[in-house]
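Here is my note on the model you asked me to look through, written as numbered points. Please keep the structure open while you read.

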Amino acid sequence: MDRRWKQVGDVLVNYSTGVKPGERVMIAMVEPETLPLVQAVYEAVVKAGGYPQVQFLSERLRRSLLEYGDDEQLGWVPEIEAYGMEWADVYIGLHGAHNLYELAGVPAEALARNQVAQGRISTLRWEKTRWVLSRVPNESFAQQAETDLETIMEMYFDACLLDWPEASQEWQQMAGRLTGTGEVRITGRGTDLRFSVEGRTWLVFDGKINMPDGEVFTAPVNRSLNGHITFDFPGVLSGRLMHDIYLAWKDGRLVEASSSTNQDYLRRIVSSDQGASLLGEFAFGTNPHVNRFTKDILIDEKIGGTIHIALGRAYPECGGINKSAIHWDIVKDLREEGGVTIDGRTVLEGGELRI
């Protein structure tokens, strides 16, 4: 086994989640290819004095439910998964890559209905456990990222094995300088979006809930949303790629949502509940080693020089109040065109943060 798997396992158990003796740890093994990291995490949990339990999940299995299930089955919240969030003190989700088009033939309405059920599991994870998620690359992931396996694995290990205390301190200082600010304005191709962050707190994601990680983020004041944003990268949700997403708000109300592909699915997602059409998050990507778009949001939202917004559920730690069954991040690349100003001061331009 590559020794770096054990290093990442140690980070996930002892840094990200801080497993203590006697704690119960649910390890979600999503796709068989994650076994090397599952083994490393399992071993690290045992050494930390915890009680590991492995649960196997797969998008290939989910496809059977989506293809053959009736409305009741599609909306079913799996009881054992839900109970697992009650049982566990710590949840470590190791998400292996799969065929991005695994669910391509599933009707949009079936996928949207099941996405809400999956969102309820995610909400329980947020509410009940200390948790961390990692996307584990493999050959399928390299193809999805349009590169070779060695390149994507090197990016993954470099991005996971930062000096996390040092990186955290740098990003915390950025967040501290942003707290107390007012108006955010995002400009760029097909984009001029403004919103307030007055009274909201800026926080960091520094390897505690995602791996690799790297974000400075807050929660917008939704009634202040005005303008529009166009995304250069496709939005990805449940294997559906929505290219050229365009979203527009007026006085806090979503007035347009379009895309050049899978537009019906996009519109079903933003209308899935009352909070799904509003913003739960605005963030800067800060990981210096995540440098290519992979079509996987757990990694792409960390790309240095990009921003992302999340439709749906807000982080209450920031003062956010938006509630939804979804939390869907979409990345905008500002490395070559556009930027962000806060209270009239440029804080991101040419892919460089100036916080």
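1. I begin with a short-range pair of charged residues, in a model that is predicted. Arginine 335 and aspartate 333 form a salt bridge, and their closest N and O atoms are 2.8 Å apart. The two partners fall into separate classes of exposure, since arginine 335 has a relative accessibility of 27% and counts as partly exposed, while aspartate 333, at 18%, counts as buried. The cut-off matters for this reading, because buried means under 20% relative accessible area.

2. Elsewhere, salt bridges that share partners join Asp2, Arg4 and Glu154 into one network. A search of the whole structure finds 22 salt bridges, and the next two points look at examples.

3. Glutamate 23 forms a salt bridge with arginine 130, with 2.7 Å between the closest N and O atoms. Because glutamate 23 sits in the loop between helix H1 (3-16) and strand S1 (24-30), whereas arginine 130 belongs to strand S4 (residues 130-136), the pair ties together parts that are 107 residues apart in sequence. Is each partner buried or partly exposed? Glutamate 23 is buried, with a relative accessible area of 12%, and arginine 130 counts as partly exposed at 30% relative accessibility.

4. Another salt bridge brings together the side chains of glutamate 31 and arginine 60, at 3.7 Å from N to O. This pair also links distant parts of the chain, as glutamate 31 lies in the loop between S1 and helix H2 (35-47) and arginine 60 lies in helix H3 (residues 59-68), 29 residues apart. Glutamate 31 counts as buried, with a relative accessibility of 0%, whereas arginine 60, at 38%, counts as partly exposed.

5. Turning to the strands, you can trace an open sheet of eight strands in the order S14-S13-S10-S6-S5-S18-S19-S20, where the pairing is antiparallel. Strand S14 (253-258) and strand S20 (352-353) stand at the edges, and each has a single partner strand, so one side of each is left without a neighbour in the sheet. As background, strands of a sheet pair through backbone hydrogen bonds, in either a parallel or an antiparallel way.

6. Within this sheet, strand S5 (residues 183-188) and strand S6 (residues 191-196) make a useful example, as they pair in the antiparallel sense over six bridges. If you look for a residue pair to follow by eye, valine 184 stands opposite phenylalanine 195 in S6.

7. Strand S6 also holds threonine 191, which counts as buried at 7% relative accessibility. What does the side chain of threonine 191 reach? The side chain of threonine 191 reaches the backbone nitrogen of threonine 230 at 3.0 Å. Leaving out residues up to four places away in sequence, threonine 191 touches Ile186, His228, Ile229, Thr230 and Lys332.

8. Alanine 104 offers a contrasting setting, in the loop between strand S3 (90-96) and helix H6 (108-128). Alanine 104 is partly exposed, with a relative accessible area of 46%. Apart from neighbours within four places in sequence, alanine 104 is in contact with Arg63 and Arg240. The C-alpha atoms of alanine 104 and arginine 240 are separated by 6.8 Å, although these residues are 136 residues apart along the chain.

9. The structure holds one cavity of 30 Å³ or more, and the largest cavity has a volume of about 60 Å³. Its lining includes Pro234, Phe293, Lys295, Asp296 and Asp329. Strand S11 (235-237), helix H11 (297-300) and strand S17 (327-333) are the elements that give two or more residues to this lining, and the largest share, three residues, comes from S17.

10. Finally, the second largest pocket has a volume of about 530 Å³. Of the 24 residues that line this pocket, the closest to its centre are Trp126, Trp131, Tyr315, Pro316 and Glu317. The elements that give two or more residues to the lining of the second largest pocket are H6, S4 and strand S7 (203-205).

Note on methods
Residues are numbered from 1 along each chain as its sequence is written. This is a predicted model: local features need pLDDT of at least 70, side-chain atom pairs count only at pLDDT 80 or more; totals for chains, interfaces and linings use all residues. Side-chain values use heavy atoms; hydrogens and water are left out. Helices (H or I, at least four residues) and strands (E, at least two) are DSSP runs, numbered from the N terminus. Buried means under 20% relative accessible area, exposed over 50%, partly exposed in between (1.4 Å probe, protein chains only). Contact means heavy atoms within 4.5 Å. Two strands pair if DSSP finds at least two bridges between them. A salt bridge is a side-chain nitrogen of Lys or Arg within 4 Å of a carboxyl oxygen of Asp or Glu. A polar contact is a pair of N or O atoms within 3.5 Å; within protein, one must be able to donate a hydrogen and the other to accept it, and residues adjacent in sequence count only if both atoms are side-chain atoms. On a 1 Å grid over the protein atoms alone, a cavity is a set of points where a 1.4 Å probe fits but cannot get out, and a pocket is an open set with protein on both sides within 12 Å along at least five of seven lines; lining residues have an atom within 4 Å of a point. Grid points are joined across faces, edges and corners, and a volume is the space filled by probe spheres set on the points.
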